[in-house]
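I opened the notebook to record what I looked up in this structure. The entries below follow the order in which I worked.

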Amino acid sequence: MRASAAGARFRSARRIPAAVTALVVLGAAGLLLYDLVAVKAHRPGMGWRRDLARHLERHAPADTAVIVGGAVLALLGALLLLIALTPGLRRVLTMRTPDPEAGVRAGLGRKDAAQVLRDRAMEVPGVRSVRVKVGRSRVGVRATSHFRELDDVRADLDEVLAAGIGELGLAHPPRPRVRVGR
């Protein structure tokens, strides 16, 4: 994880994709450099280079094989860009820190936050079952009531969830979205 300002998202270091990409690029560059030096030393180029030159002489850019190969390479490049630009630790919610200058950061897993809020919601009278899903900006709560008025249960759930979300100590508290049914 990289150090950043307090309240910022946690980011994955992404060591494995970076290492694999670096090794592939290094291997390809080394192979091309070796072949280039061999040709400059008046030796024949490698067999794959001659085969590639013959293949490129026979195929135009409009051929199906060339288009499919280009599409695969474009998708691979887009995937690498997506991996590089998106944060990797999406399951961790950033918590508030009392002293942002100290450099200490805390995070809470989404499933853990959902479990805490679910336990709090189950304490509301009239609630038979609850499903809680915690996102970055919203907490989705689906409750089943069995003997109280739905509006009363919803009001109690709103109150309990607002207190529970506040007690989680998140840097960016999500908004609750409560649905109550029979």
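These are my entries on helices, surface patches, salt bridges and a few single residues.

**Entry 1. The model**

I note at the start that this is a predicted model. I keep that in mind for every value below.

**Entry 2. Helix α1 and what follows it**

I looked up helix α1, which covers residues 15-40 and has 26 residues. From its first C-alpha to its last, α1 reaches 37 Å. The span expected at 1.5 Å a residue is 38 Å, so I wrote the two down as close.

I then asked which residue with a positive phi follows α1. I found H42, with phi near 65 degrees. H42 is a residue other than glycine, and I marked the positive value for that reason. I placed H42 in the loop between α1 and α2. Is H42 buried or exposed? I read a relative accessibility of 75% for H42, and because exposed means over 50%, H42 counts as exposed.

**Entry 3. Nonpolar patch**

I looked for nonpolar side chains on the surface and found a patch formed by L31, L32, W48, L52 and L56. Together these residues have about 470 Å² of accessible area. The elements that give two or more residues to this patch are α1 and α2. I noted that α2 gives the most, with three residues.

I checked one member, L56, which is found in helix α2. The relative accessibility of L56 is 53%, over the 50% cut-off, and therefore I list L56 as exposed.

**Entry 4. Helix α2: R50, D51 and R54**

I stayed with helix α2, residues 47-58, and looked up R50, which lies in it. R50 has 41% relative accessibility; this falls between 20% and 50%, so R50 counts as partly exposed. I also took a C-alpha separation for R50 and V139 and got 60 Å. These two residues are 89 residues apart along the chain.

Next I looked for the partner of R54. R54 forms a salt bridge with D51, and the closest N and O atoms are 2.5 Å apart. I found both R54 and D51 in helix α2, three residues apart, or about one turn of the helix. R54 is partly exposed at 41% relative accessibility. D51 is also partly exposed, with a relative accessible area of 44%.

**Entry 5. Other salt bridges**

How many salt bridges does a search of the whole structure find? I counted five from that search. Side chains of opposite charge can pair when their charged atoms come close. I wrote up two further pairs in detail.

In one of them, the side chains of R120 and E167 meet at 2.6 Å, N to O. This pair links distant parts of the chain, with R120 in helix α4 (residues 110-122) and E167 in helix α5 (residues 150-168), 47 residues apart. R120 counts as partly exposed at 22% relative accessibility. E167 is exposed, with a relative accessible area of 59%.

In the other, I found the side chains of R148 and D156 in a salt bridge at 2.6 Å, N to O. R148 has 18% relative accessibility, and because this is under 20%, R148 counts as buried. D156 has 25% relative accessibility and counts as partly exposed.

**Entry 6. Positive patch**

I searched the surface for a positive patch and found one formed by R131, R138, R142, R175, R177 and R179. Which strands each supply at least two residues of this patch? I noted β4 (138-145) and β5 (175-181). The largest share, three residues, comes from β5.

I looked more closely at R142, which lies in strand β4. R142 counts as partly exposed, at 44% relative accessibility.

**Entry 7. G103**

I looked up G103 last. Where does G103 lie? I found G103 in the loop between β1 (92-94) and β2 (107-109). With a relative accessible area of 61%, G103 is exposed. I also noted that G103 and L80 are 23 residues apart in sequence. Their C-alpha atoms are 30 Å apart in space.

Definitions and conventions. Residues numbered from 1 in each chain as written. Predicted model: local features only at pLDDT ≥ 70, side-chain atom pairs only at ≥ 80, totals over all residues. Heavy atoms only, no water. Patch = residues over 30% accessible without salt bridge, like charges linked within 9 Å, V, L, I, M, F, W, Y side chains within 5 Å. Areas by Shrake-Rupley, 256 points an atom, 1.4 Å probe, with all protein chains shown as cover. Salt bridge = Lys/Arg side-chain N within 4 Å of Asp/Glu carboxyl O. Lys, Arg positive; Asp, Glu negative; His and termini not counted. Charge placed at Lys NZ, Arg CZ, Asp CG, Glu CD. Helix = DSSP H or I, 4+ residues; strand = E, 2+ residues; numbered from the N terminus. Buried < 20%, exposed > 50% of the residue type's maximum accessible area, 1.4 Å probe, protein only.
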